[in-house]
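Reader: I should be grateful for a close look at one part of this model, set in the context of the whole chain. Please treat the central strand region in a single connected account.

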Amino acid sequence: MTRKQLQGMTATALIVGAAQWLGAGEPQIVPAPVKLTAQAGEFVLKSDTRILAERGKPALANAARLLAERINKAAGFHIAVEETAAETAANGSILLTSRGADGSLGPEGYSLVVRPKAVEIRAPG
């Protein structure tokens, strides 16, 4: 997983989260995704939201810490970062993982799935 990919994942998660948190409606994502499928509901960032990074993946742990720092600064929270062996996000969490990632997305591609109870960011690498 490249640094640019991690920065893109982090920025996208922040932008989508902030847009939903601020009630902006339609997510404003830069750069624009290749595909966006809007669904009902939203994930709300709270002070007890956790960011989970795939265990044994230092690059994902670094991205998780960066995401937490930016959310904490913007929202005034202290969101915890934890490593996990889980393949799906627990309720109230944001999961960064390479498990189940679509390899056809390329070295800088990733998928972002936002559900009302959890967020999953998957990237090959």
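Reader: To begin, how many helices and how many strands does the protein chain have? From there, please examine strand β3 and its surroundings, with the core, the salt bridges and the loop before β1.

Author: The model is a predicted one. The protein chain has two helices and five strands, and from the N terminus on these elements run α-β-α-β-β-β-β. Of the 125 residues in the protein chain, buried residues make up 36%. The chain exposes about 7,100 Å², and carbon and sulfur atoms supply 54% of that area. Among contacts between residues at least 6 apart in sequence, 67% join residues at least 24 apart.

Strand β3 spans residues 93–97, and five of its five residues are buried. In a regular strand the side chains alternate between the two faces of the sheet. In β3 both faces are covered: Ser93, Leu95 and Thr97 lie on one side, Ile94 and Leu96 lie on the other, and all are buried.

Strand β3 is paired with two other strands, β1 and β5. Four bridges join β1 to β3, and these two strands run parallel; within this pairing, Leu52 has Leu95 of β3 as its bridge partner. Five bridges join β3 to β5 (residues 118–122), again in parallel, and here the bridge partner of Ile94 is Val119 in β5.

The nonpolar core comes next. In soluble globular proteins, nonpolar side chains tend to be buried together. The largest nonpolar core in this model has 17 residues, and those with the most contacts inside it are Leu45, Ile51, Leu67, Ile71, Ile94 and Leu96. Two or more residues of this core come from each of β1, α2 (58–75), β3 and β5. Helix α2 gives the most, with seven residues. Ile51 illustrates how these parts meet. Leaving aside neighbours within four places in sequence, Ile51 is in contact with Ala64, Leu67, Ala68 and Ile71, with Ile79, Ala80, Val81 and Glu82, and with Ile94 and Leu96. Ile94 therefore appears both among the core residues with the most contacts and, through Val119, in the pairing of β3 with β5.

The loop between α1 (3–21) and β1 holds Thr49, as well as Ser47. Thr49 is buried, with a relative accessible area of 3%. The side chain of Thr49 reaches the backbone nitrogen of Lys46 at 2.9 Å. Not counting residues up to four places away in sequence, Thr49 touches Phe43, Val44, Ile79, Ala80, Gly92 and Ile94; one of these, Ile94, is on the buried face of β3 that also carries Leu96. Ser47, by the same exclusion of residues up to four places away, touches Phe77 and His78. Ser47 and Ile79 are 32 residues apart in sequence, yet their C-alpha atoms are 6.1 Å apart in space.

A search of the whole structure finds four salt bridges. One of them joins Arg50 and Glu82, with the closest N and O atoms 3.1 Å apart. Arg50 lies in strand β1 (residues 50–54) and Glu82 in strand β2 (residues 80–84), so this pair ties together parts that are 32 residues apart in sequence. Arg50 is partly exposed, at a relative accessible area of 25%, and Glu82 is likewise partly exposed, at 31%.

A further salt bridge links Glu54 with Arg99, the closest N and O atoms being 3.9 Å apart. This pair connects distant parts of the chain, 45 residues apart: Glu54 is in strand β1, while Arg99 is in the loop between β3 and β4 (111–114). Glu54 counts as buried because its relative accessibility is 5%, under the 20% cut-off. Arg99, at 23%, counts as partly exposed.

Arg122 forms a salt bridge with Glu120, with 3.1 Å between the closest N and O atoms. Both of these residues are buried. Salt bridges that share partners join Arg115, Glu120 and Arg122 into one network.

In short, β3 is a strand with five of its five residues buried, joined in parallel to β1 by four bridges and to β5 by five. Strands β1, β3 and β5, together with helix α2, each give two or more residues to the largest nonpolar core.

Methods: Residues numbered from 1 in each chain as written. Predicted model: local features only at pLDDT ≥ 70, side-chain atom pairs only at ≥ 80, totals over all residues. Heavy atoms only, no water. Salt bridge = Lys/Arg side-chain N within 4 Å of Asp/Glu carboxyl O. Buried < 20%, exposed > 50% of the residue type's maximum accessible area, 1.4 Å probe, protein only. Polar contact = N/O pair within 3.5 Å; in protein donor to acceptor, adjacent residues only side chain to side chain. Contact = heavy atoms within 4.5 Å. Pairing = 2+ DSSP bridges. Areas by Shrake-Rupley, 256 points an atom, 1.4 Å probe, with all protein chains shown as cover. Core = buried A, V, L, I, M, F, W, Y, C linked by side-chain atoms within 4.5 Å.
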